[in-house]
Amino acid sequence: MQATQNKKTNQNSLLEKMFKLSEHDTNVKTELIAGITTFMTMAYILAVNSNMLSQAGMDAGAVFVATALSAALSTLVMAFLSNYPIALAPGMGLNAFFAYTVVLQMGYSWQMALLGVFIEGILFIILTITNLREQIINCIPNVLKNAVTAGVGLFIAAIGMSNAGLISMQTGTLSLGSMHDPLVVLTVAGLVIAAILVCRNIKGALLISILLTSAIGMVTGIVALPTQVFSLNIPSLKPTFMQAFSVPMNQIFSLDMVIVVFTFLFMDLFDTVGFLVGIASKGNLIDEEGKIPKAKQAMLADAIGTTVGAMLGTSTVTCYMESSAGISEGGKTGLTAFTVAILFILSLFLAPLFIAIPSQATGAALIVVGVMMAGCFKEIDFEDYTNAIPAFLTFILMPLTNSVADGIIFGVVSYTLLKLVTNKKEEVNISLIVLTIIFICRFVFLK
């Protein structure tokens, strides 16, 4: 008994030394629950990414493995480089662009798309090491950072509602899902459970709500039970591994490749900035000067993840907004991220179980996370229209355009222009002006 206790103490001491738990006023139990919660809310990417990229002609099993490994690796880098409770994985929106735009619409091969992602990752590593990405984050004014946080919250809630069927797009019109649909009813039940647990300040509220909602769905037969829990039959990575380098030389040095790389680079840069600022605000990771102390290390994690992910066979890796779920559960250090990474590795063997978690369960939790992040609305000065209009455009466009990047672009451009024309030049720095010019050129010269 004493030996077991000593072993546990030594383990806790090691984790304390690695992640500075006491310094961040947290403990192992809280961090583990936070990590599990984050993973549960983003585990859907394992099924969604493989399904989406398979429509571009890629092997679904190989993409599943590439998704899990790239998420695990990049999240481990985040845990140990920055000690932040932020998880990474192939990004939603970026994978849709990869499959539906670059491959199916523009007509390029998925191998060429992978090479574009690989080159983007290398460029990101360079931009991060030279501090250019960090400067972009630091030049964004606080009012827009609060708007980004609120906007990401709306975006999270919209994704949760859409994935769970609570809202639907019928003939181009956004509407409430059918309340006669058992899946929609399950979502509402999950939302009620999550809301009650959160309001009663129950520790692990979001994780408990996900598990209870899943159990209700399975017991009532609304969602399918997992066919099995554990499987050693891991799909082969061979069909996608290093296929990015099978692209013919004449395609590598072409204008088409420049367009593909630039588009990936642009979308990922500002999606990452948006998610990182939003998550950092939620987790109190922003200092008194409005800066993220370890932004460079955090962005290096997604740059490395993107580069390695392309070699394994998946689309761009980025910071995940679902990390806010774990932060809401008290996650404050890299131990939360480390837990997520381990679970992604285990998911290779427990895939049937993890994939069986219905989107109705995770969707309900994401809606509550959106509510939590919406608190930043109160920090926005709506009396000053040079602040209110850019902030409004920032947070409203994110869920409506399904793009964090578009929200940031319109927010930055409108903020800069309104401040300049109303003689408030002291509130605009040179970096913001340069960003505004780049954004305007982007709309002028790119479709």
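User: Which helix does V184 lie in?

Analyst: This is a predicted model in which local features need pLDDT of at least 70 and side-chain atom pairs count only at pLDDT 80 or more, while totals for chains, interfaces and linings use all residues. Residues are numbered from 1 along each chain as its sequence is written, and side-chain values use heavy atoms, with hydrogens and water left out. Helices here are DSSP runs of H or I with at least four residues, strands are runs of E with at least two, and both are numbered from the N terminus. The run that holds V184 covers residues 182-199, and its name is helix α9.

User: Is V184 buried or exposed?

Analyst: Buried means under 20% relative accessible area, exposed means over 50%, and partly exposed is in between, using a 1.4 Å probe and protein chains only. The relative accessibility of V184 is 2%, so this residue counts as buried.

User: Leaving aside neighbours within four places in sequence, which residues is V184 in contact with?

Analyst: Contact means heavy atoms within 4.5 Å. L144 makes a useful landmark: V184 is 40 residues from L144 in sequence, and their C-alpha atoms are 34 Å apart in space. With neighbours within four places left aside, the contacts of V184 are G165, L166, G177, S178 and M179.

User: Which backbone oxygen does the side chain of T339 reach?

Analyst: T339 sits in helix α15, residues 334-346, and is buried at a relative accessible area of 9%. Beyond residues up to four places away in sequence, T339 touches E31, L32, G35 and I36. A polar contact is a pair of N or O atoms within 3.5 Å; within protein, one must be able to donate a hydrogen and the other to accept it, and residues adjacent in sequence count only if both atoms are side-chain atoms. At 2.8 Å, the side chain of T339 reaches the backbone oxygen of L335.

User: Leaving aside neighbours within four places in sequence, which residues is L76 in contact with?

Analyst: L76 belongs to helix α4, residues 60-81, and is partly exposed at a relative accessible area of 23%. Its C-alpha atom is 14 Å from that of L15, although the two are 61 residues apart along the chain. Setting aside neighbours within four places, L76 contacts F338 and A341.

User: Why does the pair of K419 and D384 tie together parts of the chain, and how many residues apart are they?

Analyst: A salt bridge is a side-chain nitrogen of Lys or Arg within 4 Å of a carboxyl oxygen of Asp or Glu, and K419 and D384 form one at 3.8 Å, N to O. K419 lies in helix α19 (404-421), whereas D384 lies in the loop between α17 (359-373) and α18 (385-401), so the pair ties together parts whose separation in sequence is 35 residues.

User: Which residues are linked in a network of salt bridges?

Analyst: Side chains of opposite charge can pair when their charged atoms come close. D384 also meets K424 at 3.1 Å, N to O, and K419 meets E427 at 2.8 Å, N to O. Accessibility varies here: K419 is buried at 0% and D384 is buried at 18%, while K424 is partly exposed at 23% and E427 is partly exposed at 34%. The network links D384, K419, K424 and E427.

User: Where is N83, which has a positive phi?

Analyst: Most residues other than glycine have a negative phi. N83 is not a glycine, yet its phi is positive at about 60°, and the residue is buried at a relative accessible area of 9%. Its place is the loop between α4 and β1 (88-90).

User: What is the phi of D25?

Analyst: D25 is in the loop between α1 (2-19) and α2 (28-42). The residue is exposed, with a relative accessible area of 62%. D25 is not a glycine, but its phi is positive, at about 55°.

User: How much space lies in the largest cavity?

Analyst: On a 1 Å grid over the protein atoms alone, a cavity is a set of points where a 1.4 Å probe fits but cannot get out, and lining residues have an atom within 4 Å of a point. Grid points are joined across faces, edges and corners, and a volume is the space filled by probe spheres set on the points. The structure holds 1 cavity of 30 Å³ or more. The space in the largest cavity is about 50 Å³.

User: Which residues line the largest cavity?

Analyst: By class, the lining has 6 nonpolar, 2 polar and 1 charged residues. Nonpolar covers Ala, Val, Leu, Ile, Met, Phe, Trp, Tyr, Cys and Pro, charged covers Asp, Glu, Lys and Arg, and the others, Gly among them, are polar. The lining residues are Y44, G91, M92, F275, T318, C319, Y320, M321 and E322.

Technical notes:
1 Å grid on protein atoms, 1.4 Å probe; cavity = no way out; pocket = protein on both sides within 12 Å on 5 of 7 lines; lining within 4 Å.
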